[in-house]
Amino acid sequence: PTTFDSFSVNTTEIMLVSLHTGLSETIATSKALEKIIGKRSFVISRSTFPGSGGYGGHWTGDNHASWEDLAQSVIDVLNFQLYSIPLVGADICGFGGNTDEELCARWMALGAFYTFSRSHSQRRSRPQEPYLWNSVARISQKVLGIRYSLLPYYYTLFYKAHCTPDPENPSATVLRPLFFEFPQDQKTFNIGTQFMIGPGLLVSPVLQRGAKSVKAYFPEGKWYDFHTFKTVSEKGEETIELNTPLDHIQIHIYGGNIIPLQSPSLTTKATRQNPFSLMVALDGDGNAMGDFFWDDGESINIESYIFVNLKFTENTLNASTSGPGYTGDLPPLATITILGVTVKPEEITLNGIAVEKGFTYDANTVTLTDLDLSFAKSFIVQWI
């Protein structure tokens with residue numbers, strides 16, 4: 001690898017350049033934009049410095065359309081979480097050189113879950129829009145739909161990172177290496193091919209040419225397939241080889257977490273108008289927890305918002321809402337899906353009133369549909 005000693009300039013000069021262009025210009029640009037538009041700015045820089053994350057995001061620079069750079073991107077985006085720059089991503093499908101169908105499909109599948117997700121290439125490279133290959137178009141549509149459905153979860157993680165700017169606290173990050181969540185498991189220390197989105201989701205991408213499967217390590221606990229809701233590992237601490245065709249990516253839910261979701265649309269603005277849902281993944285003891293933050297997404301001073309603490313225990317889901325309240329239009333919570341329910345409930349109540357319809361039980365999963373709940377006020381779902 002190239003070291004600073006290879007250059008004629010010394011490291012102090014390099015650090016000063018990074019501090020000036022990476023931090024100072026990001027701050028100036030962010031503040032100027034906020035003054036002009038009166039809303040939050042959106043700044044992405046290739047040159048950043050620890051602390052830049054409070055004013056903008058980072059992209060990892062001119063990578064290459066190669067499998068090595070695809071794999072390296074996982075490590076890169078995790079490193080920048082440590083620098084308190086949670087909004088980060090690599091150039092999907094590669095910036096330099098010419099990508100191909102398989103590489104671009106796998107990279108789109110992974111890149112949809114970067115916090116900053118963008119396909120980008122130089123002018124001399126061959127075109128790499130997803131629609132140029134049917135397989136890339138299919139996986140792109142699939143994973144971007146998942147990304148948009150996860151926006152309430154991502155947004156809550158960003159809010160918590162904003163409130164807890166301490167890299168030693170996992171709450172200060174959005175994407176996380178496995179050892180952040182499982183520091184007692186030494187097997188996680190050297191894993192740079194998988195990552196967590198917050199505490200609840202595990203992403204295990206294919207990073208090698210020609211691979212039809214991926215070996216995923218599952219730390220201690222109960223793990224569910226995000227796509228099928230099926231239990232993949234009851235107790236964890238095992239590596240499982242999973243069939244992963246070109247139109248698929250492995251995403252798993254860690255038991256004990258509650259994930260807020262929203263029906264996806266083609267834009268973030270349209271998605272914000274769609275109904276919410278909750279995915280409750282029970283751990284081995286039948287418990288789960290999570291949270292949800294919501295505001296208008298653009299005000300500089302956050303004065304209208306809600307924060308919802310979600311907790312499931314003893315067959316009861318309790319949603320406790322705090323904050324000054326949200327004054328905008330808040331879409332309803334329409335669906336609650338609870339994974340890991342081993343016995344079919346006889347009766348489900350919502351705030352003490354029996355749910356007569358819109359309740360199903362299949363394959364250890366309880367689904368409540370046609371709800372018209374509001375996160376604006378607390379509620380309780382319970383069953384016997």
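Which residues have the most contacts inside the largest nonpolar core? They are F113, L150, I197, I336 and F375, and the legends below start from that core. This is a predicted model, where local features need pLDDT of at least 70, side-chain atom pairs count only at pLDDT 80 or more, and totals for chains, interfaces and linings use all residues. Residues are numbered from 1 along each chain as its sequence is written, and side-chain values use heavy atoms, with hydrogens and water left out.

**View 1. The nonpolar cores, with F375 in the middle of the frame.** The largest core holds 78 residues. A nonpolar core here is a set of buried Ala, Val, Leu, Ile, Met, Phe, Trp, Tyr and Cys residues joined through side-chain atoms within 4.5 Å. Buried means under 20% relative accessible area, exposed means over 50%, and partly exposed is in between (1.4 Å probe, protein chains only). Helix α3 supplies the largest share of this core, 7 residues. Leaving aside residues up to four places away in sequence, F375 touches F276, L278, F292, I306, V308, L310, T321, L330 and L333; contact means heavy atoms within 4.5 Å. Apart from the largest core lies another, of 15 residues, among them I191, V214, A216 and L242.

**View 2. Helix α3, wrapped up by its surroundings.** Helices (H or I, at least four residues) and strands (E, at least two) are DSSP runs, numbered from the N terminus. Of the 11 residues of α3, 10 are buried, so the helix is largely enclosed by the rest of the structure. Those buried residues are E102, L103, C104, A105, R106, W107, M108, A109, L110 and G111. They pack against α2 (67-82), β4, α4 (134-149) and β7. At the N-terminal end, D100 acts as the cap: one of its side-chain oxygens lies 3.2 Å from the backbone nitrogen of E102.

**View 3. The disulfide between C93 and C104.** A disulfide is counted when two cysteine sulfur atoms lie within 2.5 Å, and by this rule the count comes to 1. The sulfur atoms of C93 and C104 are 2.1 Å apart, and the link is right-handed, with 80 degrees about the S-S bond. C93 sits in the loop between β4 (91-92) and α3, while C104 is in helix α3, 11 residues apart. Both ends are tucked away: C93 is buried at 0% relative accessibility, and C104 is buried at 0% too. Another cysteine, C163, is partly exposed, with a relative accessible area of 44%.

**View 4. Salt bridges around E102 and R209.** The structure holds 9 salt bridges, each being a side-chain nitrogen of Lys or Arg within 4 Å of a carboxyl oxygen of Asp or Glu. In this view, E102 and R209 meet at 3.9 Å, N to O. E102 belongs to helix α3 (residues 101-111) and R209 to the loop between β8 (201-204) and β9 (213-218), 107 residues apart. D100 joins in as well, linked with E102 and R209 in a network of salt bridges.

**View 5. Two more salt bridges, D295 to R40 and K160 to D291.** The side chains of D295 and R40 come together at 2.5 Å, N to O. D295 is in the loop between β16 (288-294) and β17 (305-313) and R40 in the loop between α1 (11-37) and β1 (44-45), so the pair ties together parts 255 residues apart in sequence. D295 is buried at 1% relative accessible area, whereas R40 is partly exposed at 27%. For K160 and D291, the closest N and O atoms are 3.0 Å apart. K160 lies in helix α5 (residues 151-163) and D291 in strand β16, so this pair ties together parts 131 residues apart in sequence. K160 is partly exposed at 24%, and D291 is buried at 17%.

**View 6. Q194, a buried polar side chain.** Q194 is in the loop between α6 (178-181) and β7 (195-197), and it is buried at 2% relative accessible area. Its side chain makes a polar contact of 2.9 Å with the side chain of S204 and reaches the backbone nitrogen of Y217 at 3.1 Å. A polar contact is a pair of N or O atoms within 3.5 Å; within protein, one must be able to donate a hydrogen and the other to accept it, and residues adjacent in sequence count only if both atoms are side-chain atoms. Not counting residues up to four places away in sequence, Q194 touches V74, L78, L178, L202, V203, S204, A216 and Y217.

**View 7. Confidence along the chain.** The mean pLDDT (the predictor's confidence in each residue, from 0 to 100) is 92 for the protein chain, and 94% of its residues reach 70 or more. Over residues 1-9 the pLDDT is below 50, and this stretch has 5 contacts in the model beyond near neighbours in sequence. Where pLDDT is low, the predicted coordinates should not be read in detail.
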